[in-house]
Amino acid sequence: MPSRRAVLAATAAALTVGGTARADDHDPSALLSRMTLEEKVGQLFVARVYGRSATAPDQADADANLTELGVRTAAELVERYRPGGIIYFSWAHNTRDPRQIAELSDGIQRASLALPRGLPVLISTDQEHGIVCRIGRPATLFPGAMAVGAGGSRADARALGLIAGRELRAMGIRQNYSPVADVNVNPANPVIGVRSFGADPEAVAGLVAEEVAGCQEAGVAATVKHFPGHGDTAVDSHTGFPVITHSRDEWERLDAVPFRAAIAAGVDSVMTGHLLVPALDDSGDPATLSRPILTGILRERLGFDGVVVTDALNMAGVRTKYGDERVPVLALKAGADQLLDPPDLAVAWNAVLSAVKEGEISEERLDASVLRILRLKEKLGLLAEPYVDPGAVGRIVGRPEHLALAERISERTTTLIVDEGPLLPLSPRTHPRLLVVGADPASPSGTTGPPTGVLATALTGLGFTATALSTGTEPSDAAIGRAVAAAGEADAVLVTTYNVTATSPQRTLVERLAATGRPVVAVAVRNPYDVAHLPSARACLAAYSWTDVELLAAARVIAGTVRPRGRLPVAVPRADDPARVLYPVGHGLGYQPCGTKGCPVTAGDGSGARS
C-alpha cells in the first residue's frame, strides 16, 4: 500500500489542471463551471457495486457487476458513469472488515480522481445499528433506535452518533443514512418498527437531533429518513406502495416534528420516502416524486436547503406508477438531488441526460442539485482530503472505549415489561439450570448471534448452567416437543421471541413450556408488542434487537447484575382489542436497590403483573 504522504500527493495531483494547482480547485462553484453535462448528471447518482476491491473483485462479484451494471469493477463504474456517490452493502460484499472497507474506499477515490476533472466520490451506507447494520464486528455495534428510545438519554444518542461517525469516517464513509426520524405509531408497521426511536414525536425529535449532531461532529453527513414520515403504515415500501392517511394537522403534530428538529440541528441530508400522503399531495404520486412535498414543504416551508436523497429507486413503492426511465427524472423535478440505487443505472442515467438535453429539466435546475452535492463534499473535507489511512483504521474502529460505551448504553435500554411474582432476577442458587430456546433470526451484519447461543453463553458466564436450543421463528410441532422435553431438565426457561402474532406457533411454544410448570421468561428480540400475545410467560423483557450488545445487556438484567432501566417508547396494544392500550408509553419495571425482586419504574401497584 502507498504511504499516507504518497496518497496525499496523488490527491493534490489529481485535483490539478495541466499539472498546476489552481486556487479554486476546492471551490464548488468553480468545479461546477468546468464540468461537462455528462459529469453533472453523474454527480446525481449514488450507485451500488459488488466487490471488496475497486479493481480486483472476486469473480462472482465481477460477474454480478457485468450482469447488473455492464462493468466489471467499481473503477470501471466510476469511469463510465462518473457517479457522485457509491453506497456500500454487506450483501454486495463491500463490508468484510474495516481495513478492507478503507482500502475499497481509497481505491474508488483513486479511480475517480485519475479521470479528467475527477472528483472525490461521496461514499455512503445504512449504519442505523440494531436491525439495520451494514458493517459488523470488529466495528462498534450500538443498540438500535427503539432501544435508545427506551433508554431515553439524549446524551447517549449524541455519543452513539459521534462514535459511529468517527468509525465510518475512518473507513472512508462520509454519509450515513441514519437516523430514522419516523414516529412509529402503528404496531403493525412491517418496515420501521424498532428502527424508530418511538411513538412520542417530541421524544423522537430530541434523540434524532442529538444523533445528527454527534454524527456531523465526527465529519460524517447524517441523513434523516423517510420524509415526510413512514411511521404509520402497514405496508413495506420495499414491496408495496404505502398510503399515509394522516390529516394535515396530524402530520404536523406527529410526523413533521422530528424532521423540523433535525433541520434545526443542521442536518446535512434528508431521505425521501416512497409514500402516498394525500393530505400533502393528492396527485397520487409518492413523496419521492412529489414537488408539493419535496419543494413546497421540505424546501420552502421547512426551510431545508441541504441535500435531498431519494430512498432506493429499485423499491416497489416508487415504481408502481411510472417506468424506471421516468422515476429519476420526476424525482429530480420534484426537488431531489441524489438519486439512490436505481434498478438499471444505464437507463436512469440516460433518462436524466436526455431530459436535460431536451429541456424537460433545465441546466439551471441540474446545476442547483450538483452544487448542493459539491458543497456537501466540501463541508465534509472530501475535496481537500478524500483518502483515509487503512493502516490506522484498526486504531479507531472498535476501540475498547467505544465498545465499553456501547455496552453502557445498552444496559440502560433493556425494558422489563412483566414480572409476575416477581420472578426476576434469577439466581444461580435458585435456578441454576437454564434452557434458552426460541427464534434465531439472521444477524443484521452477519457477525453476531445466534441469539439463543449468545444468551446461553452469557448466562453461563454469570454463574448459571445454560443450554441453547434453537426452535426458529415458526417452530414446528416437533421442535416444540423437543423444547418441552428439554425443559424437564431445567429450572427455568428463556424464550427469544420475534414478531409474535395471535396465531404464531411461537405463542404455542411459550404456552407448552409454561404448562411444564417451569417458569418462562420471554425476551422479545425485535418488537416489544410480542408481550401482548404471551400471557403464559411469567416475565417478559424487550431487547429491541438481536445483536449481541442488546442480548448481553438482557442477560445481565435477567441475572440481576444490572437493573432494568428501559421504559417503553411505544404503547403496546391489547391482543384482543388493539384499540386499547395494554402497556403505555413510559411503562417499565425495575428491581429493588438491593437487587432482589421487581419494583415498578412507572406508577402502578408494584406487582409486576399484567394490566
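Let me start with Arg 99, which at 38% relative accessibility counts as partly exposed, because that value falls between the 20% that bounds the buried class and the 50% that bounds the exposed one. I should say at once that we are looking at a predicted model. Arg 99 sits in helix H6, the element that runs over residues 98-113. If you follow the chain from Arg 99 to Val 393 you pass along 294 residues, and yet the C-alpha atoms of these two residues are separated by 6.2 Å.

Now please turn to Asp 491, which belongs to the loop between helix H17, residues 477-487, and strand S14, residues 492-497. Is Asp 491 buried or exposed? At 19% relative accessibility Asp 491 counts as buried, because the class takes in values under 20%. Leaving aside residues up to four places away in sequence, Asp 491 touches His 431, Pro 432 and Arg 433, and also Arg 518 and Pro 519.

Last, the empty space inside. How many cavities of 30 Å³ or more does the structure hold? There are six of them, and the largest cavity contains about 80 Å³ of space. Its lining includes Met 35, Glu 39 and Gln 43, then Val 78, Arg 82 and Pro 83, and further along the chain Ser 112 as well as the residues from Arg 117 through Gly 118, Leu 119 and Pro 120 to Val 121. Sorted by kind, the residues lining the largest cavity come to six nonpolar, three polar and three charged, and among the charged ones are Glu 39 and Arg 82.

Methods
Residues numbered from 1 in each chain as written. Predicted model: local features only at pLDDT ≥ 70, side-chain atom pairs only at ≥ 80, totals over all residues. Heavy atoms only, no water. Helix = DSSP H or I, 4+ residues; strand = E, 2+ residues; numbered from the N terminus. Buried < 20%, exposed > 50% of the residue type's maximum accessible area, 1.4 Å probe, protein only. Contact = heavy atoms within 4.5 Å. 1 Å grid on protein atoms, 1.4 Å probe; cavity = no way out; pocket = protein on both sides within 12 Å on 5 of 7 lines; lining within 4 Å. Points joined across faces, edges and corners; volume = space filled by probe spheres on them.
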